[in-house]
Amino acid sequence: VAYFVSRMFLMTAQYDLYLAEPSYLDFPIRTTHNWTLGSEYYLVDWLAVRGAIFSNNARTNEVDPARTDQAPFVNLFGVAGGVSLFRSGTSLTLSSVYTGGTGQGQAVGGITQVQTVTHSTLAFCLSGSYQF
């Protein structure tokens, strides 16, 4: 869903539902959902700033301490921001995304011991376009 609050301000919301996939026997995928809230503000006609918050929930099953060799289970939360310069037929965007979360996993194969897993990622992106 996207809504222009004004000519210069856009707000967005998104909800995604992912269904289970039982055919992967070695790596079961469970039903989960994710969401995103974002906004974009045009400082002037050729310059915009963007921001968002979002979830990235695990599709793996929760770790069962009675089993071995399980995939990690970590739900992530993220923030993103960026700046875009654009003119007719041309654009340049610099953005960054940070995600982080804590969950459980089994670092050593063949044993039932469960460890706390922390995951974080910081990415920077530069993208551009030009129309001939």
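A pocket, on a 1 Å grid over the protein atoms alone, is an open set of points where a 1.4 Å probe fits, with protein on both sides within 12 Å along at least five of seven lines; lining residues have an atom within 4 Å of a point. The volume is the space filled by probe spheres set on the points, which are joined across faces, edges and corners.

The model is predicted: local features need pLDDT of at least 70, side-chain atom pairs count only at pLDDT 80 or more, and totals for chains, interfaces and linings use all residues. Residues are numbered from 1 along each chain as its sequence is written, and side-chain values use heavy atoms, with hydrogens and water left out.

**Exercise 1. Describe the largest pocket and its lining.**

Start with the volume: the largest pocket comes to about 160 Å³. Next, look at who lines it: Leu 25, Asp 26, Phe 27, Pro 28, Thr 60, Asn 61, Arg 67, Thr 68, Asp 69, Gln 70 and Ala 71. Now sort that lining, counting Ala, Val, Leu, Ile, Met, Phe, Trp, Tyr, Cys and Pro as nonpolar, Asp, Glu, Lys and Arg as charged, and the others, Gly among them, as polar. You get four nonpolar, four polar and three charged residues.

Then pick out one lining residue, Asp 69. Asp 69 sits in the loop between S4 and strand S5 (73–74); strands here are DSSP runs (E, at least two residues), and helices are H or I runs of at least four, numbered from the N terminus. The phi of Asp 69 is near 55°, a positive value in a residue other than glycine. Asp 69 is also exposed, at 53% relative accessible area, where exposed means over 50%, buried under 20% and partly exposed in between (1.4 Å probe, protein chains only).

**Exercise 2. Where is Ser 55, and what does Ser 55 touch?**

First, place Ser 55: strand S4 (residues 47–56) holds it. Second, check its exposure: Ser 55 counts as buried because its relative accessible area is 9%. Third, list its contacts (heavy atoms within 4.5 Å). Not counting residues up to four places away in sequence, Ser 55 touches His 33, Asn 34, Trp 35 and Leu 76. Finally, the side chains of Ser 55 and Asn 34 make a polar contact at 3.1 Å. That term needs a pair of N or O atoms within 3.5 Å; within protein, one must be able to donate a hydrogen and the other to accept it, and residues adjacent in sequence count only if both atoms are side-chain atoms.

**Exercise 3. Is Val 49 buried, exposed or partly exposed?**

Val 49 is also found in strand S4. Val 49 is partly exposed, since its relative accessible area is 30%. Leaving aside neighbours within four places in sequence, its contacts include Ser 39, Tyr 41 and Gly 82. As for distance, Val 49 and Ala 71 lie 22 residues apart in sequence and 37 Å apart in space, C-alpha to C-alpha.

**Exercise 4. Sketch the whole protein chain.**

Count the elements: zero helices and eight strands. Then look at extent: the C-alpha atoms fill a box of roughly 60 × 30 × 25 Å along the principal axes. The radius of gyration, taken over C-alpha atoms, is 20 Å, while a compact globule of 132 residues would be near 14 Å; the globule rule is 2.2 Å times the number of residues to the power 0.38. Last, burial: 22% of the 132 residues count as buried.
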